[in-house]
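I opened this notebook to look up how the interior is packed and what lies around the ligands. The entries follow the order in which I looked things up.

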Amino acid sequence: MYVCLRPLGVLLYSSLGGKSCVVTRNRIERHTSTVTNDRLFWANKENTAVARSVEQAHQLLGSPDLCYWKPSSCLNDMDKSDTRTSVVLLACGSFNPITNMHLRLFELARDYLHETGKYKVTKGIISPVGDGYKKKGLIDACHRVEMAKLACASSDWVTVDSWESQQKEWLETVKVIRYHHERLFSIGNHEEGNHNVKKNRKRKLPLNESPDSVKMSSNEHKGAPELKLLCGADLLESFGIPNLWKEKDIMEIVGKHGLICITRAGCNVQNFIYQSDILWTHRNNIHLVPEWIPNEISATKVRQALRRGQSVRYLLPDSVVKYIDKYELYNSESEEKNANAVLEPLKRNTPKS
Ligand SMILES: Nc1ncnc2c1ncn2[C@@H]1O[C@H](COP(=O)(O)OP(=O)(O)OP(=O)(O)O)[C@@H](O)[C@H]1O
Ligand SMILES: NC(=O)c1ccc[n+]([C@@H]2O[C@H](COP(=O)(O)O)[C@@H](O)[C@H]2O)c1
């Protein structure tokens, strides 16, 4: 039985603690009164998108045609019909500023993963780096986060997370991944309808936990989404720059989580993977996504154009262009920020002589 959520404003029974919810076009509000003990979950007509929680249903609501719910008695049948692994994509970077190409990375990665037939991508997260990264020309994180949010307004599955950017000091990417991984598990563990996720009250891992004590298997909790790092080939190749990345971090990223890498012109990623023992060992966990419509938009070139007073329209979403104009964000002065600073990872990892 399917019950269409539209017209909006329908009262729903939630799978979260038997509370009732009111569905509006953009959100589902939780209400305190308990209406029923029935467990419900949301799905689209084709059963290709299933939400077992209010949080996940938010994503489905981005497209009004996806708003259906079913009683949990159908859950077993649906689980049999969809054996794909849920994946959440996490992109870490400066986003200085966010460009249309950054958003394209997500679309390309999702198409690729769906075409394998093995994965369903449920969410994309953009995590702008904190100011402590000290990259030349890096403007304040609050502006980069704001622009990323404006850019994502048109997406029903990619969101921005400001946690990394709010940390006092720069964080290794592996710690950002651990944080989001942990969050996904804690959301999963609270979902009553998610029968595949084993409850594990000792899940909370400190961000500094060493990879030795972390199981090198992403299927630790069957049915829970996998978190994969989404990047361009230049980021993957930066693994080879001395003192930029720790070997054990690379091992944890590719061994435990996995990488989705969009190939960029001028990068020979296959060869790079072949040359690296760690990457070669975990090559099955590194997905190389060819960019069939090459697009060389780069944030560096965008900043350069802005300094010269040239138009960057259609390279960035209009809302981002307007934001940059309003706050006069990029000029020769901003490009000199951190000009004399050492990039934080290099500073941290370079042995003192
Ligand atoms: N045109 C592109 N093709 C493929 N990947 C890209 C492209 N532009 C950016 N990326 C990827 O997006 C992620 C975030 O990018 P980030 O903002 O850190 O750098 P960038 O866009 O390359 O900026 P810059 O030009 O300042 O180096 C990185 O993984 C980067 O490899
Ligand atoms: N050791 C590490 O974890 C490490 C090293 C260098 C860059 N990074 C990350 O990679 C991304 C690179 O961004 P840029 O391409 O803009 O420099 C940033 O999110 C940065 O934090 C991580």
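Which residues have the most contacts inside the largest nonpolar core? I first noted the ground rules: this is a predicted model, in which local features need pLDDT of at least 70, side-chain atom pairs count only at pLDDT 80 or more, and totals for chains, interfaces and linings use all residues. Residues are numbered from 1 along each chain as its sequence is written, chains are lettered from A and ligands numbered from 1 in the order in which they are written, and side-chain values use heavy atoms, with hydrogens and water left out.

**Entry 1, the cores.** I found that the largest nonpolar core (a set of buried Ala, Val, Leu, Ile, Met, Phe, Trp, Tyr and Cys residues joined through side-chain atoms within 4.5 Å; buried means under 20% relative accessible area with a 1.4 Å probe, protein chains only) has 40 residues, and that L89, I98, F106, I126, M147, L230 and I324 have the most contacts inside it. Among the elements that give two or more residues to this core are β8 (85-93), α3 (100-116), β9 (119-128) and β12, helices (H or I, at least four residues) and strands (E, at least two) being DSSP runs numbered from the N terminus. The most comes from α3, with 7 residues. I also noted a second, separate core of 35 residues, which includes I125, Y133, I177 and A233.

**Entry 2, two core residues.** Taking contact as heavy atoms within 4.5 Å and not counting residues up to four places away in sequence, I listed L89, L90, A91, C92, L105, F106, A109, I260 and I262 as touched by L230. A109 has its place in helix α3 and is buried, with a relative accessible area of 0%. Leaving aside neighbours within four places in sequence, A109 is in contact with L89, L230, I260 and I262. I also looked up the C-alpha atoms of A109 and E291, which are 182 residues apart along the chain and separated by 9.6 Å.

**Entry 3, strand β12.** In a regular strand the side chains alternate between the two faces of the sheet. In β12 (residues 259-262), L259 and C261 point one way and I260 and I262 the other, and all are buried. Strands pair if DSSP finds at least two bridges between them; β11 (residues 226-232) runs parallel to β12 and is joined to it by 4 bridges, with G232 opposite I262. β12 and β13 (residues 286-289) are likewise parallel and joined by 4 bridges, with C261 opposite L288 in β13.

**Entry 4, ligand 1.** I counted residues around a ligand if one of their heavy atoms lies within 4 Å of it. Ligand 1 has 19 such residues, of which F95, H102, G232, D234 and T300 come nearest. For polar contacts (pairs of N or O atoms within 3.5 Å), I noted a backbone N or O atom of F95 at 3.0 Å from a ligand oxygen atom, and a polar backbone atom of N295 at 3.0 Å from a nitrogen atom of ligand 1. The protein covers 92% of the 600 Å² of accessible area (Shrake-Rupley method, 1.4 Å probe) that ligand 1 has on its own.

**Entry 5, ligand 2.** Here 13 residues surround the ligand, and S94, Y133, W170, T173 and L244 are the closest. Oxygen atoms of ligand 2 lie 2.5 Å from a polar side-chain atom of S94 and 2.7 Å from one of Y133.

Notes:
Buried < 20%, exposed > 50% of the residue type's maximum accessible area, 1.4 Å probe, protein only. Polar contact = N/O pair within 3.5 Å; in protein donor to acceptor, adjacent residues only side chain to side chain.
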